[in-house]
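Work through the exercises below with the sequence and the model side by side, and try each task before reading its solution.

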Amino acid sequence: MTAEQQETGLSDKIAATVQAYIDGLNGGTAEDMANLFAEGATVEDPIGAPIRGTREELIEFYGIITNLDSRDADLKWTKIAGDTAVFEFSLVTGTGGMKFEITPVDIMVFNEEGKIKSMRAVWAPTDLKQV
């Protein structure tokens with residue numbers, strides 16, 4: 001297999017994981033989300049927040065989203081280079097009759113299997129809008 005074919009294979013795995021991430025935000029469980037991450041992966045969401053680095057912390061973090069009354073994630077665009085993906089998506093969540101929207105840009109680094117090694121989310125609290 002050539003280096004180009006290997007890179008294409010990884011690129012395909014990364015694209016599939018990014019889509020699985022969006023799908024998980026739409027209808028998955030916190031466990032589903034945590035399963036996308038490699039052992040020892042880190043999540044910094046948003047950048048500057050405490051880094052989550054254990055499976056339990058990932059499940060707790062994604063449980064906040066997956067336990068909401070409603071959620072709708074829509075992938076806007078993705079760029080993949082080497083072992084890294086950068087993508088923008090919108091997420092509308094609802095609970096207690098209120099809905100909020102945020103449009104973060106995520107930066108993810110992946111291992112050879114297409115599992116997320118690190119995720120950093122670029123957004124600020126002022127980006128969260130009531131809709």
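The exercises that follow concern an aromatic pair and two salt bridges.

The model is predicted, so local features need pLDDT of at least 70 and side-chain atom pairs count only at pLDDT 80 or more, while totals for chains, interfaces and linings use all residues. Residues are numbered from 1 along each chain as its sequence is written, and side-chain values use heavy atoms, with hydrogens and water left out.

**Exercise 1.** Classify the ring pair of Phe37 and Tyr62.

Solution. Rings of Phe, Tyr and Trp (its six-membered ring) pair if their centres lie within 6.5 Å, and planes under 30 degrees apart count as stacked, over 60 as edge-to-face and the rest as tilted. Phe37 and Tyr62 are 5.9 Å apart centre to centre with 35° between the planes, and the pair is therefore tilted. Phe37 belongs to strand E1 and Tyr62 to helix H3, so the pair ties together parts 25 residues apart in sequence; helices (H or I, at least four residues) and strands (E, at least two) are DSSP runs, numbered from the N terminus.

**Exercise 2.** Compare the burial of the partners in the salt bridges Glu31–Arg55 and Glu44–Arg120.

Solution. A salt bridge is a side-chain nitrogen of Lys or Arg within 4 Å of a carboxyl oxygen of Asp or Glu; Glu31 and Arg55 meet at 2.7 Å, N to O, and Glu44 and Arg120 at 2.8 Å. Buried means under 20% relative accessible area, exposed over 50% and partly exposed in between (1.4 Å probe, protein chains only). Glu31, at 40%, is partly exposed, as is Arg55 at 35%. Glu44 is buried at 12%, whereas Arg120 is partly exposed at 35%.
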